[in-house]
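This text leads a new reader through one structure, a part at a time. Please keep the sequence and the model in view while reading.

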Amino acid sequence: MNVAEAVASRRSIRAFLDTPVPLETVRRVLDQARMAPSGCNYQPWEAIVLTGAPLKALQDRLAASERDDPQEYDFSAPSAIGPKYHSRLQHLGGQLYGSLGIGRDQREFSKAFSDRNLVSFGAPVLLLCHFPKAMKEPQWSDAGMWLQTIMLLLRGEGLDSCPQEYMGVYGRSIKDHLGLSDDTLLFCGVAIGHRDPESPANNFERDRVPLDDNIRFEGF
Ligand SMILES: Cc1cc2nc3c(=O)[nH]c(=O)nc-3n(C[C@H](O)[C@H](O)[C@H](O)COP(=O)(O)O)c2cc1C
């Protein structure tokens, strides 16, 4: 698989098969992803990767936990994003829940599906990316590049993923359960496994804005 194919075939998978992923494969991907770029070469990303009983123990803990108080989130979604971005979010919800047969007024069903984030949509492996709270926006961006590098390398291994900011809503419980200090920022989860090719959760059309809406070319 070349890079363009990896980019094109990656999508956020929200229904995984229970096929296990060997440690050797995860290690190979993470070893290769060490070459991701980072400002000042800080390589600020750290992660805990769970499968099997430790993953189940975390999921049980989350199922028994309340969401964090929003005042205590390590970071929060931007407020007042405006109609341009709001409509993109709405469109995603319409595509995903429409594919699942969940109507706009069926909030209990869409919430139940969203709560599948807690079990990482059935993925056998969960990577939890974290770093010291002292890190600022440039280092958050470094971590994002590292995560995308991982997700593309996973495609090269025939594997799939879903990035999961949702985990941040349970940041305190996760950090407590995994023995991470409160100076740690729980940045993002990544569910890892094999996609269920039949699931409607993995088979809706994903929207993107046209290239020239976001990019200005000059001097060509
Ligand atoms: C940093 C980040 C966090 C995300 N968190 C979640 C999440 O918690 N749950 C989820 O279902 N999707 C999550 N997504 C997936 C986005 O919804 C998805 O990337 C976007 O809709 C584009 O679709 P695609 O990834 O399938 O191309 C996240 C994506 C990113 C980049």
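Two residues are said here to be in contact when heavy atoms of theirs lie within 4.5 Å. The model is a predicted one.

With that meaning in hand, take histidine 130, which lies in strand E2. Is histidine 130 buried or exposed? The cut-off for buried is under 20% relative accessible area. Histidine 130 has a relative accessibility of 6%, and therefore counts as buried. Neighbours within four places in sequence are left aside in the list of its contacts. Histidine 130 then touches Pro44, Trp45, Glu46, Ala47 and Ile48, and also Leu180, Thr184, Leu185, Leu186 and Phe187.

Strand E2, which spans residues 125–132, appears again in the packing of helix H7. Helix H7 runs over residues 171–178, and its buried residues are Gly171, Ser173, Ile174 and Lys175. What do the buried residues of H7 pack against? Their partners are helix H3 (52–63), strand E2 and strand E4 (184–193). After H7 comes glycine 179, with a positive phi near 70 degrees.

A positive phi also turns up in residues that are not glycine. Most residues other than glycine have a negative phi. Cysteine 40 has a positive phi of about 60 degrees. Cysteine 40 sits in the loop that links helix H2 (23–33) to strand E1 (46–51). Because its relative accessibility is 67%, cysteine 40 counts as exposed; the cut-off for exposed is over 50%. Alanine 80 is another such residue, with phi near 50 degrees. The loop between H3 and helix H4 (83–99) holds alanine 80. The relative accessible area of alanine 80 is 80%, so alanine 80 is exposed.

The next part of the model is the ligand and the residues around it. There are 14 residues around the ligand, and those that come nearest are Ser12, Arg14, Glu165, Arg206 and Arg208. By class, the shell consists of six charged, five nonpolar and three polar residues. Which element gives the largest share of this shell? Strand E3, residues 160–164, does, with three residues.

Arginine side chains also approach oxygen atoms of the ligand. For arginine 10, an N or O atom of the side chain is 2.9 Å from a ligand oxygen. A polar side-chain atom of arginine 206 is 2.7 Å from an oxygen atom of the ligand. For arginine 208, the distance between a side-chain N or O atom and an oxygen atom of the ligand is 2.7 Å. On its own the ligand has 620 Å² of accessible area, of which the protein covers 71%.

Arginine 208 can be placed further. This residue belongs to the loop between E4 and helix H8 (211–214). Is arginine 208 buried or exposed when the protein chains alone count as cover? Arginine 208 is exposed, because its relative accessible area is 58%. In sequence, arginine 208 and arginine 88 are 120 residues apart, while their C-alpha atoms are 8.7 Å apart in space.

Last comes a view of a longer stretch of the chain. An unreviewed UniProt entry places the feature "domain: Nitroreductase" at residues 7–194. Over residues 7–194, helix makes up 42% of the chain and strand 15%. The C-alpha atoms at the ends of this stretch are 16 Å apart.

Note on methods: Residues are numbered from 1 along each chain as its sequence is written. Side-chain values use heavy atoms; hydrogens and water are left out. Buried means under 20% relative accessible area, exposed over 50%, partly exposed in between (1.4 Å probe, protein chains only). Helices (H or I, at least four residues) and strands (E, at least two) are DSSP runs, numbered from the N terminus. A residue is near a molecule or strand if one of its heavy atoms lies within 4 Å of it. A polar contact is a pair of N or O atoms within 3.5 Å; within protein, one must be able to donate a hydrogen and the other to accept it, and residues adjacent in sequence count only if both atoms are side-chain atoms. Accessible areas come from the Shrake-Rupley method with a 1.4 Å probe; for residues, only the protein chains shown count as cover. Ala, Val, Leu, Ile, Met, Phe, Trp, Tyr, Cys and Pro count as nonpolar, Asp, Glu, Lys and Arg as charged, and the others, Gly among them, as polar. UniProt positions are given in the numbering used here, feature names are shortened, and annotations may be inferred rather than shown by experiment.
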